[in-house]
Amino acid sequence: MTRSARRIVAVDGIDGSGKSQVASALAAACAAEGVAVTLLHVDDFRRDVDFAGLDAGAEAARYYDQYFDLAALDGALASFQAGSAG
């Protein structure tokens, strides 16, 4: 891999498992090696959703369908892959 190649590394896991800590440590290690890093957290793409009055099944569906602005996240990733800093 050349230094100019862009790569995306995703860290996934359950709430509270240390994903942000691992991602931050990896980003710091890459930066220390001179590799430019853009760190995105899916939580940065949250939307406000009103869950009031929903049963558990409807709440789960609304969470997955509406809680995150995944189109905006996709746009940020596409911009990164195209050469933007992110």
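**Exercise 1.** Which residues are exposed on the other side of H3, away from its buried ones?

*Solution.* Keep in mind that this is a predicted model. Start with the helix itself: H3 covers residues 70-82, 13 in number. From its first C-alpha to its last, H3 reaches 18 Å, close to the 18 Å expected at 1.5 Å a residue. Next, pick out the buried residues of H3, which are Leu-73, Ala-76 and Phe-80. These cover an arc of only 60° around the axis, so they sit on the same side of H3. Now turn to the other side of H3: there you'll find Ala-71, Gln-81 and Ala-82 exposed. Step just past the end of H3 and you meet Gly-83, with a positive phi of about 120°.

**Exercise 2.** Find out how far H1 reaches, and what Gly-34 does just after it.

*Solution.* H1 spans residues 19-32 and has the highest mean pLDDT among the elements of the chain, 95. At the other end of that scale is H2 (residues 56-66), with the lowest mean, 76. Go along the 14 residues of H1 and you cover 20 Å from first C-alpha to last, close to the 20 Å expected at 1.5 Å a residue. Just after H1, Gly-34 takes a positive phi of about 85°.

**Exercise 3.** Is Val-9 buried or exposed, and which surface patch does it help make?

*Solution.* First, place the residue: Val-9 lies in the segment before H1. Then check the cut-off: exposed means over 50% relative accessible area. Val-9 has 59% relative accessibility, so it counts as exposed. Finally, look at its partners: Val-9, Val-11, Val-22 and Leu-26 make a nonpolar surface patch of about 330 Å².

Definitions and conventions
Residues are numbered from 1 along each chain as its sequence is written. This is a predicted model: local features need pLDDT of at least 70, side-chain atom pairs count only at pLDDT 80 or more; totals for chains, interfaces and linings use all residues. Side-chain values use heavy atoms; hydrogens and water are left out. pLDDT is the predictor's confidence in each residue, from 0 to 100. Helices (H or I, at least four residues) and strands (E, at least two) are DSSP runs, numbered from the N terminus. The expected span of a helix is 1.5 Å times one less than its number of residues. Buried means under 20% relative accessible area, exposed over 50%, partly exposed in between (1.4 Å probe, protein chains only). The arc is that of the directions from the helix axis to the C-beta atoms. Patches are made of residues with over 30% relative accessible area and no salt bridge: like charges are joined within 9 Å, nonpolar side chains (Val, Leu, Ile, Met, Phe, Trp, Tyr) within 5 Å. Accessible areas come from the Shrake-Rupley method with a 1.4 Å probe; for residues, only the protein chains shown count as cover. A salt bridge is a side-chain nitrogen of Lys or Arg within 4 Å of a carboxyl oxygen of Asp or Glu.
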